[in-house]
Amino acid sequence: MFDFLEGYDLLGAFWVTVQLTFWSALGSLVWGTLLAAMRVGPVPLMRAFGTAYVTVVRNIPLTVIIVFTSLGLFQTLGISLGADRFTTINFRLAVLGLTAYTSAFVCEALRSGINTVPLGQVEAARAIGLSFPQILRIIVLPQAFRSVVGPLTNVLIALTKNTTVAAAIGVAEAALLMREMIENEAQLILVSAVFAFGFICLTLPTGLLLGRLAKKVAVKR
Amino acid sequence: MPVPEGSVPDDGDALVVLRGVDKHFGTLHVLQSIDLTIRRGEVVVVIGPSGSGKSTLCRAINRLETIDGGEIRIDGRPLPAEGRELARLRADVGMVFQSFNLFAHKTVLDNVTLGQIKVRKKDRRSAEERARSLLDRVGVAAQADKYPAQLSGGQQQRVAIARALAMDPKVMLFDEPTSALDPEMINEVLEVMRQLARDGMTMVVVTHEMGFARSAANRVVFMADGRIVEETTPEEFFGNPRSERAKDFLSKILHH
Ligand SMILES: Nc1ncnc2c1ncn2[C@@H]1O[C@H](COP(=O)(O)OP(=O)(O)OP(=O)(O)O)[C@@H](O)[C@H]1O
Ligand SMILES: [Mg+2]
């Protein structure tokens, strides 16, 4: 029944999906945190930048961003992110695009977490002489992260599924392989089901695991 | 401003000096040319009706609130505008809030060591040693490894006092430290504050606790509508208030 799978590197394709997800998650966690820091910080220029970034990026379709990294950054500006093989270049461009996009959502999730930290704690921290970066790093962000593990999990799951857009610029992840198989094989529904199952295998455990983590790290008030 | 004899500020020993301090919130003039001098070792109780500007006064002294005019000096130095310099000065001014404001994700011990390590740059061992002795002093040594949410309000406020003391502040500000507490816990906090006063700490205390004012204060400052209306000894203030505002205020809180 599953003969049609023969000759295709299904695991390899999903492995690329995992890698795309991993690097983009890491990147958007870092960049999203920086954006959130800018948005709550005391410097007006940074606040404005953070707000503008989130507003613009959230409202552009991901496909447009991903295609732009390839057509705009690479083919027009020649930015290849230090790689020389096409597959590596496209992979890195996709990570860049996914990071740029997802970090806007990480920033917003994190900002709602920052708002759950009572202002009084920030004032107490100022009163003992901590600087703004110290207060953010030691008092605010740790509590903010703990309160948004749930929302961040949703962002991560969305990101996992969004990696399929990378197929648009030829990254050999799961969706690209699926397209190829649909063209070549007769079992359309089975092919789709296999890939759907593959994604569920990735996202379901993530959701369960992080759901437990969320309960464990919640700050008691 | 009526300044009775005996409490005329001796500027040689002045620790906190406010000169013509003005503060607005929009059109609201919350501090109106406040002059106040607090000498080393002095305990000043600030009292007054709700909205008179007591909290704003406290917050202005360690610059949690900016001021629009006048000058505030701590130990002879004017309050710096921003940055590192300001942070250092803030560390010299301890502050205790009505709502405790302990760091919820840190243990009691970490609450008290944090400032010592990150601001005073002490090593962890000596910071912990100092923290434990302070927690012992305020009577919550047994709670060192718990989280704030596991403590009673009175215990949390005593931890907050220990956290402020850990910075070795020159002066401690208390903004209604017992107002959020259940009645049976008020005394344990006031007792810690009395002990501090006896040990010679310079203190500014916003409170409506008459008992504390009578037993521990050197001076009572009565505020109304953003001004200091009366400034005198506790005996004078409670026994023989001069202004109508003070008489009115006292009759209200004493008959409640
Ligand atoms: N951040 C703020 N923005 C606008 N108005 C404020 C702000 N903080 C305080 N006020 C106003 O300033 C006035 C003085 O407030 P403040 O908190 O200093 O009074 P208070 O004497 O401490 O009163 P209470 O006894 O109720 O604590 C009040 O009318 C208050 O509403
Ligand atoms: Mg107040």
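The following is a conversation about a predicted model, covering chain A, ligand 1 and the salt bridges of chain B.

Visitor: What makes the secondary structure of chain A helical in its count of elements?
Guide: Chain A comes to 9 helices and 0 strands. Read along the sequence, the pattern is α-α-α-α-α-α-α-α-α. The C-alpha trace of chain A spans about 70 × 45 × 25 Å along its principal axes, and buried residues make up 44% of its 221 residues.

Visitor: Which residues form the nonpolar patch on the surface, and why is A:Leu96 called partly exposed?
Guide: The patch is formed by A:Leu77, A:Ile79, A:Leu81 and A:Leu96, with about 320 Å² of accessible area together. A:Leu96 sits in helix α4 (residues 86-114) of chain A. Buried means under 20% relative accessible area and exposed means over 50%. A:Leu96 has 37% relative accessibility, so A:Leu96 counts as partly exposed. Membership of a patch asks for over 30% relative accessible area, and the 37% of A:Leu96 meets that cut-off.

Visitor: How do you know that B:Ser50 makes a polar contact with ligand 1?
Guide: A polar contact is a pair of N or O atoms within 3.5 Å. An N or O atom in the side chain of B:Ser50 is 2.6 Å from an oxygen atom of ligand 1, so the pair falls within the cut-off. The cut-off also admits B:Gly53 and B:Lys54. For B:Gly53 a backbone N or O atom lies 3.0 Å from an oxygen atom of the ligand. For B:Lys54 a polar side-chain atom lies 2.7 Å from an oxygen atom of the ligand. Taken alone, ligand 1 exposes 630 Å², and the protein buries 58% of that.

Visitor: Which elements give two or more residues to the shell around ligand 1?
Guide: They are β2 (28-39) and α1 (54-61) of chain B. Of the elements, α1(B) gives the most, with 3 residues. The residues surrounding ligand 1 include B:Phe25, B:Leu28, B:Val30, B:Pro49 and B:Glu176. By class, the shell has 4 nonpolar, 6 polar and 2 charged residues.

Visitor: Why is the pair B:Asp92 and B:Arg120 called a salt bridge?
Guide: The definition asks for a side-chain nitrogen of Lys or Arg within 4 Å of a carboxyl oxygen of Asp or Glu. The side chains of B:Asp92 and B:Arg120 meet at 3.0 Å, N to O, so the pair qualifies. B:Asp92 lies in the loop between α2 (83-91) and β6 (93-96) of chain B, and B:Arg120 in the loop between α3 (108-118) and α4 (124-137), so the pair ties together parts that are 28 residues apart in sequence. Both residues also belong to a network of salt bridges with B:Asp13, B:Arg40, B:Asp75 and B:Lys170.

Visitor: Are B:Asp92 and B:Arg120 buried or partly exposed, and how do you know?
Guide: With 13% relative accessibility, B:Asp92 is under the 20% limit and counts as buried. B:Arg120 has 27%, which lies between the two limits, so B:Arg120 counts as partly exposed.

Visitor: What makes B:Asp199 and B:Arg137 a salt bridge, and which parts does the pair tie together?
Guide: The closest N and O atoms are 3.4 Å apart, which is within the 4 Å cut-off. B:Asp199 lies in the loop between α6 (183-198) and β8 (202-206) of chain B and B:Arg137 in helix α4 of chain B, so the pair ties together parts 62 residues apart in sequence. B:Asp199 has a relative accessible area of 47% and is therefore partly exposed. B:Arg137, at 44%, counts as partly exposed.

Visitor: How do you know that B:Arg158 and B:Glu188 form a salt bridge, and where do they lie?
Guide: Their side chains meet at 2.9 Å, N to O, again within 4 Å. B:Arg158 is in helix α5 (residues 153-165) of chain B and B:Glu188 in helix α6, 30 residues apart. B:Arg158 counts as buried at 10% relative accessibility, whereas B:Glu188 is partly exposed at 27%.

Visitor: How many salt bridges does the structure hold?
Guide: The structure holds 23 over all chains.

Terms used: Residues are numbered from 1 along each chain as its sequence is written. Chains are lettered from A and ligands numbered from 1 in the order in which they are written. This is a predicted model: local features need pLDDT of at least 70, side-chain atom pairs count only at pLDDT 80 or more; totals for chains, interfaces and linings use all residues. Side-chain values use heavy atoms; hydrogens and water are left out. Patches are made of residues with over 30% relative accessible area and no salt bridge: like charges are joined within 9 Å, nonpolar side chains (Val, Leu, Ile, Met, Phe, Trp, Tyr) within 5 Å. Accessible areas come from the Shrake-Rupley method with a 1.4 Å probe; for residues, only the protein chains shown count as cover. Helices (H or I, at least four residues) and strands (E, at least two) are DSSP runs, numbered from the N terminus. Buried means under 20% relative accessible area, exposed over 50%, partly exposed in between (1.4 Å probe, protein chains only). A residue is near a molecule or strand if one of its heavy atoms lies within 4 Å of it. A polar contact is a pair of N or O atoms within 3.5 Å; within protein, one must be able to donate a hydrogen and the other to accept it, and residues adjacent in sequence count only if both atoms are side-chain atoms. Ala, Val, Leu, Ile, Met, Phe, Trp, Tyr, Cys and Pro count as nonpolar, Asp, Glu, Lys and Arg as charged, and the others, Gly among them, as polar.
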